[in-house]
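Here is a friendly walk through the empty spaces inside a protein model and a greasy spot on its surface. Please keep the viewer open as you read.

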Amino acid sequence: MFSDFDRVAMQRALELAARGLDTTHPNPRVGCVIARSGRVVGEGWHARAGEPHAEVLALAACGTQAAGATAYVTLEPCSHHGRTPPCVEALIAARVARVVYAMADPNPQVDGRGAERLAAAGLTVEGGLLAAEAAELNQGFVKRMRTGRPWVRVKLAMSLDGRTALANGASRWISGAAAREDVQRWRARSSAVLTGVGTVLADDPRLDVRLPAEAGGERRQPLRVVLDGALRTPPAARLFTVPGEVLIITGLAASDPDWEPRCAALAARGARIETLPEAATQLPLPAVLERLGELEMNELQVEAGPTLAGELIRQALADELLLYVAPKLLGPAARPLLALPELAAIEAAPAFLIAEVARIGDDLRLRLTPRAAA
């Protein structure tokens, strides 16, 4: 049984882990608290890949007081050599007496081995304290480790009557300034932002993060991904005018006579171009997600038009909808939120659970998860 102090200490470790929300990609967000006799003696959180892990920083903060103490970690300590040495070795060397972790590490290189190594060294090891909260914090990392695909968050904005733009295409701005700033924060925590070439041609978005720089350095920009089956992205697109990497995934065959000059023009603007094997201009979305998983993308934010967003929902590939609802009415001639096939029965309608409702300025933000997945 966990004590009240155990819960307080783990909650603090989760708060520390959340400090790395925007920065730890592709690593998980991890926090650590070290305590003895009901008093915290050291804290740490992982900030960036290649930098010390939370446990190492917490041990450094408490020095010799680690001997006989309890370490509270939001993720099972790692037992393998990656960019940094194994944290289990540091905990054992510091003579920590007990380790409490929130959730097992889904990384196949760890997944129980860290706990086993600590127990074999004589430490008391307990897991499962605030596991759901830890999993929520690292939903992208967990999904990628288990399925090879990132967590797919589809961002949408609509009027009260479910419209996204006037019939003439005018859409700026449906949501208010506070909602648009909120979108920036969700972009910042994402590993990548994905759109379709139709959105690039119609709206010419930048898809970068426009928030103040992080303490101690420049703000990390997510990978911007364009699905462009026929390689129609203009070299003059605003995507190429801001810092950060742009990946264009195409299905255009290299044998096409226009392929090489189009590639050259986009590469000159800094784009990286990948062709999915045997893909036509209609790109297979599961293959796209698997490729992004191979590129170590944990959280993918989709900011696209009704066709791509609708396909992700139709194919049950969206893990979450981030839906902003503006208190406006655009009328029946305005453009719909999603392109979905006509239904023959109401029971066939995609259904969602409301995970969160928040007021953001004058708008509402709904976080929705597919009912079938739940």
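The report below covers cavities, the largest pocket and one surface patch.

This is a predicted model, in which local features need pLDDT of at least 70 and side-chain atom pairs count only at pLDDT 80 or more, while totals for chains, interfaces and linings use all residues. Residues are numbered from 1 along each chain as its sequence is written, and side-chain values use heavy atoms, with hydrogens and water left out.

**Open and closed spaces**

Rolling a probe the size of a water molecule over the atoms shows where empty space is left. On a 1 Å grid over the protein atoms alone, a cavity is a set of points where a 1.4 Å probe fits but cannot get out, whereas a pocket is an open set with protein on both sides within 12 Å along at least five of seven lines; lining residues have an atom within 4 Å of a point. Grid points are joined across faces, edges and corners, and a volume is the space filled by probe spheres set on the points.

Searching the whole structure turns up two cavities of 30 Å³ or more. In the table, Ala, Val, Leu, Ile, Met, Phe, Trp, Tyr, Cys and Pro count as nonpolar, Asp, Glu, Lys and Arg as charged, and the others, Gly among them, as polar.

| Space | Volume | Lining residues by class |
|---|---|---|
| Largest cavity | about 80 Å³ | four nonpolar, seven polar, five charged |
| Second largest cavity | about 40 Å³ | nine nonpolar, no polar, no charged |
| Largest pocket | about 1500 Å³ | 21 nonpolar, 13 polar, 13 charged |

In the largest cavity, 16 residues form the lining, and Thr24, His25, Asn27, Arg29 and Asn298 are the closest to its centre.

The second largest cavity is lined by Leu194, Leu227, Leu285, Val288, Leu289, Leu300, Val302, Leu308 and Leu312. Its largest share, three residues, comes from α10; helices (H or I, at least four residues) and strands (E, at least two) are DSSP runs, numbered from the N terminus.

Which residues are the closest to the centre of the largest pocket? Of the 47 that line the pocket, they are Thr199, Asp203, Glu303, Ala304 and Gly305. Elements supplying at least two lining residues each include α7 (177–189) and α8 (197–203).

**A nonpolar patch**

Ile354, Val357 and Leu364 make a nonpolar surface patch of about 270 Å². Leu364 belongs to strand β16 (residues 363–370). Patches are made of residues with over 30% relative accessible area and no salt bridge (a side-chain nitrogen of Lys or Arg within 4 Å of a carboxyl oxygen of Asp or Glu); nonpolar side chains (Val, Leu, Ile, Met, Phe, Trp, Tyr) are joined within 5 Å, like charges within 9 Å. Accessible areas come from the Shrake-Rupley method with a 1.4 Å probe, and for residues only the protein chains shown count as cover. Leu364 is partly exposed at 37% relative accessible area, where buried means under 20%, exposed over 50% and partly exposed in between.

Note on methods: Buried means under 20% relative accessible area, exposed over 50%, partly exposed in between (1.4 Å probe, protein chains only).
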